[in-house]
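Got your viewer open? Let's take a short walk, one selection at a time.

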Amino acid sequence: VKQPSMTSSASSPSSPSSPSSISSSSSKESSQQQKYLFTATSPHPESNSHSTNEMHIRSNFTQCLLSQYSFCVAGLGIGTAYALKKKRGFIPMVAGGVAGTISDLMYGYMIACKQESENIEPEKRRV
């Protein structure tokens, strides 16, 4: 079996249209794209401080909201007492837990975490 010779001008490394020169230029571009694609911060340093500050504000707000649990516990307790007294199954417990969770989120947003929610409002307007 005779192998074909590679004497065409497209396979020479010095020609601009050769696959090796194309792949080297595209690998440089793709490495730069991957650098910015997989980083959480933008390539501009002045915007990194804003995004870090925004992440900190949102983290504080989330922690404050998730630390509210009293209404959920009260809803579960009342739902459990009602379910045991009236022999209704687990539906009153689930309803009490859901109502309590919604109440906790509303209480947290409007009263307990009011300072954090006010800090996050200008961030929403700026984006």
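Here is the tour, with a few ground rules up front.

This is a predicted model, so to speak of local features takes pLDDT of at least 70 and side-chain atom pairs count only at pLDDT 80 or more, while totals for chains, interfaces and linings use all residues. Residues are numbered from 1 along each chain as its sequence is written, and side-chain values use heavy atoms, with hydrogens and water left out.

**Stop one: glutamine 68.** Select glutamine 68 and you land in the loop between helix H2 (45–66) and helix H3 (70–86); helices here are DSSP runs of H or I, at least four residues, numbered from the N terminus. Glutamine 68 has 18% relative accessibility, so it counts as buried (under 20% relative accessible area, 1.4 Å probe, protein chains only).

Now add serine 67: its side chain and that of glutamine 68 share a polar contact of 3.5 Å (N or O atoms within 3.5 Å, one able to donate a hydrogen and the other to accept it; for residues adjacent in sequence, both must be side-chain atoms).

Next, show what glutamine 68 touches beyond four places away in sequence: Asp104, Tyr107, Gly108, Ala112 and Cys113 (heavy atoms within 4.5 Å).

**Stop two: the disulfide.** From there, pick cysteine 113 and cysteine 64, which are joined by a disulfide, S to S 1.9 Å (cysteine sulfur atoms within 2.5 Å). The count comes to one disulfide. Cysteine 64 sits in helix H2 and cysteine 113 in the loop between helix H4 (91–112) and helix H5 (114–126), so the pair ties together parts 49 residues apart in sequence.

Check the dihedral: -95° about the S-S bond, left-handed. Both ends are buried, cysteine 64 at 13% and cysteine 113 at 0% relative accessibility.

Definitions and conventions
Helices (H or I, at least four residues) and strands (E, at least two) are DSSP runs, numbered from the N terminus. Buried means under 20% relative accessible area, exposed over 50%, partly exposed in between (1.4 Å probe, protein chains only).
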